[in-house]
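Notebook open, coffee poured. Today I'm looking up strands and how they pair.

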Amino acid sequence: MAQTATKQTCYLLDTSIILDDPLHILRLYDNNENAVLINDIVLAELNNKKDDTRGDAGFRAREFFRFSDNEQGRTIEFSELPECVQKCAKIHGKECNDKYYRLSVNFPHANLVDNQVGDDVPLYIIYRKSYEIAKSYKQEYGLNDAKIGEIAQDYHLTLLTNDISFKIASEVQGITTQSIRNARVERPDEIEFASTYTYQGEEPILEDLEEHLNFEQMTFIQEAGNDKSQIYETGIQKYALMNNHHLEWCDFDKRFGEFYDDNLIRPINLEQKFYFTMLTHPQNYITVVSGATGSGKTLIALQAGLDLLNEGIVEGIIYARNTVTANDQQSELGFRKGDEGQKLGYFMYPLYSAINFTIEHMKKRSIDSQVEYTGNINSMKQETATESFMVKHSIEVMDIAHLRGTTISKKFVIIDEAQNLTAATLKLIGTRMGDETRLVVMGDPNQIDHPFLSKRRNALVALLQKAQTENYIAGVQLRHTIRSEIANWFDKNF
């Protein structure tokens, strides 16, 4: 029986749309508000992509086929197509000779994210035995695109493609086209979680508290006036986090003075103080942080983890990051020398550097530093000190690939280099987190090494964007490089 939704828009999807994110099918369907179609060319291209086990496109092609339910699929007649497709009852003045298939695509749990009522989406496939364009097409490339365009033109469908050349060629022929990039963050540099306000009087007053999300960072600068009606800053500043639509005041002088563990390294600027405060906040379980090279992302996260460990809030610290570099297959974990622990060590230098820095700080305060911490007299002793520190403080390193099938409970989990993770990998990580676990996801969106990701499309910026609209995620940006003038120059100029 034909669909009855007369105001439906019928979308024909190019392969690039599904490879961007198979969930686009669910979003476009929009609880039966629209109809979603592909043709046999797109299905064949997806099938060819699924054998690519190294690329993001291969993963998304396989994900599409995992979502597809073959048992619910069946061939259908033209009269069973959505009404918006049937408006073209004739093609070039003759009855349609194409074949049609209705595939059921299931998105388990996706409705919780995308506000969908159901998770069973009908996807209609148009099969054409012989394409007219193939008889006259002379170019070396682009025939498949031309065949998809032929279907869109004959059925008067809205063509969705992220291929700019295909989009232009289709529009020239009068085909209605659109693009959709749900995973793309258009202006990642404009994401902001900190605000500065001025106030007069003894206490700051902030109107419209309801508009602010949890863990937004607020700086209040006191102003005063003189007899000449001039306004000047008094030098008094107050700091607060937003929490449950209330200002939660931060007394950083006390927090990082008399109430701070002297064995830990203190945050040295305002960004780091907010960062540490959020990481150790009793109501915060997910933090996403972007920071330039040398801004203290890993070092401060380690101090926060040690603080939570000392308080008994967590039972250990886990550090994980990708173990595959962008363009060097020989750097993969399996190609490295040594056992698994030694192989992982090649990729854990940021953590080891933070640990060694912490050890040097603790040595200065240790009554008997030679007993608890061996010094850095030579590399062998430094390595032993690092290993001893990790054992004592229950610090583990882990390959992200090994998170599958595990549940991590009551741990402080640090995920580094998140700008080189896909959204699918981040979802894998997040779904492994158990009760009472704290998760911090960090990275630098300006240092993309993954061949299939970009500054605007990666797990880090996607989570930063989520933090702008979700109370459950705390976001922070560390923009000050403190490692060295050299590091600061390269970060700003390359």
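In which sense do strand 2 and strand 7 pair, and over how many bridges? I looked it up, keeping in mind that this is a predicted model. Strand 2 pairs with strand 7 (residues 120–127) in the parallel sense, and the count is four bridges. For a register point I noted Val36, which stands opposite Leu123 in strand 7.

Next I checked strand 1. Strand 1 (residues 10–13) is also a partner of strand 2: the two run parallel, with three bridges. Here Cys10 sits opposite Ala35 of strand 2.

Then I asked about burial. Is strand 2 (residues 35–39) mostly covered or mostly open? It's mostly covered, with five of its five residues buried. I split them by face: Ala35, Leu37 and Asn39 lie on one side, Val36 and Ile38 on the other, and all of them are buried. I used under 20% relative accessible area as the cut-off for buried.

On to another sheet entry. I found four strands making an open sheet, ordered 10-11-12-13, with mixed pairing. Strand 10 (194–200) and strand 13 (246–250) are its edges, each pairing on one side only. From one strand to the next, the twist averages 40°.

Zooming in on one edge, I see strand 12 (residues 231–243) and strand 13 running antiparallel, joined by five bridges. Met242 stands opposite Leu247 in strand 13.

Last lookup: what packs on this sheet? Helix 10 (residues 270–279) does, touching strand 11 (217–225), strand 12 and strand 13. I wrote down about 25° between the direction of helix 10 and that of strand 12.

Definitions and conventions
Residues are numbered from 1 along each chain as its sequence is written. This is a predicted model: local features need pLDDT of at least 70, side-chain atom pairs count only at pLDDT 80 or more; totals for chains, interfaces and linings use all residues. Side-chain values use heavy atoms; hydrogens and water are left out. Buried means under 20% relative accessible area, exposed over 50%, partly exposed in between (1.4 Å probe, protein chains only). Two strands pair if DSSP finds at least two bridges between them. Axes are lines fitted to C-alpha atoms, for helices over the stretch in contact, and angles run from 0 to 180 degrees between N-to-C directions. Contact means heavy atoms within 4.5 Å.
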